[in-house]
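Where does a protein hold a small molecule, and what surrounds it there? Keep the model open as you read.

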Amino acid sequence: MDHFLYRDGALFAEDVPISEIAAAVGTPFYVYSTATLLRHFKLFDDALEGTDHLVCYAMKAASNQAILKTLAQAGAGMDVVSGGEYRRAKAAGVPGEKIVFSGVGKTADEIRTALIGGIRQFNVESEPEMQVINAVALELGVNAPITVRVNPDVDAKTHAKIATGKSENKFGIPISRASEVYALAASLPGLEVIGIDVHIGSQLTELEPFELAYNKVAELTERLRSEGHNIRRLDLGGGLGIPYTRSNDAPPLPVEYGAMIKKTLGHLGCEIEIEPGRLIAGNAGLMVSRVIYVKSGEDRDFLILDGAMNDLIRPAMYEAHHDIVAVDEPAAGVEQRPYDIVGPVCESGDTFAKQRNMPPLKSGDLIAFRSAGAYGAVMSSEYNTRPLIPEVLVNGDQFAVIRERPSFDEIINRDTIPEWL
Ligand code: LLP
């Protein structure tokens, strides 16, 4: 459920007409709904009620500080995967003790930044990384809290580019080697082993792969405890999918996910951490764009938009489907026609949808991509020297630009010319 609904024939974000934002900021732009962000965070928080837990929003999904602050004020922690994300979370006011640091390639500098600024835990992904965290902690005279990310070798049944829990993936250490790796961790004086971490992939639409992985984590917890490790926190990663189409079978709800967690891991008495990104931000954001031209091709018609693959890369990169709707509500029963919906970038991959049925549209009309709040703005680029598009946050009847569109001068002046030119 989200807060982007038609009212009197026009699409609204909460109580603000989309057309009003378009008039104020120009197109294309991203718009997020505060009520939807908070609702989705609360669904997870409530699903784990009765268990000691922290929902750490995977801020890679949408990392604008206004979004982070909205969620942090509701009690969320953050999952970060780079020194940049760590700094951004701190800048948004998230305390270090609510920030977990994930990712396969943390550098010594990033580790130092987090140890100095405060960190809830590092999710360690390899032995060499463990050695570096130990060395930096000793150099600073502190103890680094860690979990080890185990790779449970389960099939997440999702797109290959976003599955992470199979043995062929670069993530984590094989669960079969866990005893050895935890023994190493326990022997390193700069580390404090506090738990286990697992994350098997993104956009999972069934509970079964999670359950397989979490059962393996439950077994491992008992084994590691019997080997003398004080396992008291389980980080279960993110990955619960969202409905990208309204006709689709809906993925499981957070409440069902939470019940499964309690069933598989509740008896262990561990603190539970989860790292949802997409489910919190995905359906809390739209990308709004304008039709530049309607072009008739030989065997098909094209809607050429002012938004492009550099603004929303998911269709080009993952063959992802986003529902695309007209901002002016089509009259009931109006005849729809198929269009290829494309951007102006100079490659055929700049296609958002092929032969998508749309109501009659003309040059200048506004359309909105639904479910674009997660992995939309954060994955955008300035390819073709197209400025990064603005982000807008709506809260009730108010809206604010939370990231400005840069000027062409700002973009061009970022280049520097060597003296020999
Ligand atoms: N935790 C870790 C360690 C992760 O790697 C990820 C996502 C998450 C949590 C959050 O997963 P979520 O709840 O959002 O599924 N760009 C791709 C998705 C990449 C996901 C990467 N890792 C897309 O647009 O579909």
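Which atom of the ligand does a polar side-chain atom of Tyr318 approach, and at what distance? The partner is a nitrogen atom of the ligand, 2.8 Å away. A polar contact here is a pair of N or O atoms within 3.5 Å. Tyr375 also offers a polar side-chain atom, 2.6 Å from an oxygen atom of the ligand. Arg278 uses its backbone instead: an N or O atom there lies 2.7 Å from a ligand oxygen atom. The protein covers 91% of the 590 Å² of accessible area that the ligand has on its own (areas by the Shrake-Rupley method with a 1.4 Å probe).

A word on the source: this is a predicted model, where local features need pLDDT of at least 70, side-chain atom pairs count only at pLDDT 80 or more, and totals for chains, interfaces and linings use all residues. Residues are numbered from 1 along each chain as its sequence is written, and side-chain values use heavy atoms, with hydrogens and water left out.

Now widen the view. The ligand has 18 residues around it (a heavy atom within 4 Å), and Ser202, Glu275, Arg278, Arg314 and Tyr375 come nearest. This shell holds 6 nonpolar, 6 polar and 6 charged residues. At least three shell residues come from each of domain 1 (4–31 + 282–412) and domain 2 (103–274); the bounds come from an automatic or database assignment.

The ligand takes the space of the largest pocket. A pocket is an open set of points on a 1 Å grid over the protein atoms alone, with protein on both sides within 12 Å along at least five of seven lines; lining residues have an atom within 4 Å of a point. The volume of the largest pocket is about 630 Å³. Its lining has 28 residues, and Lys60, Thr164, Phe171, His199 and Tyr375 are the closest to its centre.

The second largest pocket has about 530 Å³ of space. Of its 22 lining residues, Thr245, Arg246, Asp323, Val325 and Arg370 are the closest to its centre.

How values were computed
A polar contact is a pair of N or O atoms within 3.5 Å; within protein, one must be able to donate a hydrogen and the other to accept it, and residues adjacent in sequence count only if both atoms are side-chain atoms. On a 1 Å grid over the protein atoms alone, a cavity is a set of points where a 1.4 Å probe fits but cannot get out, and a pocket is an open set with protein on both sides within 12 Å along at least five of seven lines; lining residues have an atom within 4 Å of a point. A molecule sits in a cavity or pocket if more than half of its atoms lie within 2 Å of its grid points. Ala, Val, Leu, Ile, Met, Phe, Trp, Tyr, Cys and Pro count as nonpolar, Asp, Glu, Lys and Arg as charged, and the others, Gly among them, as polar. Grid points are joined across faces, edges and corners, and a volume is the space filled by probe spheres set on the points.
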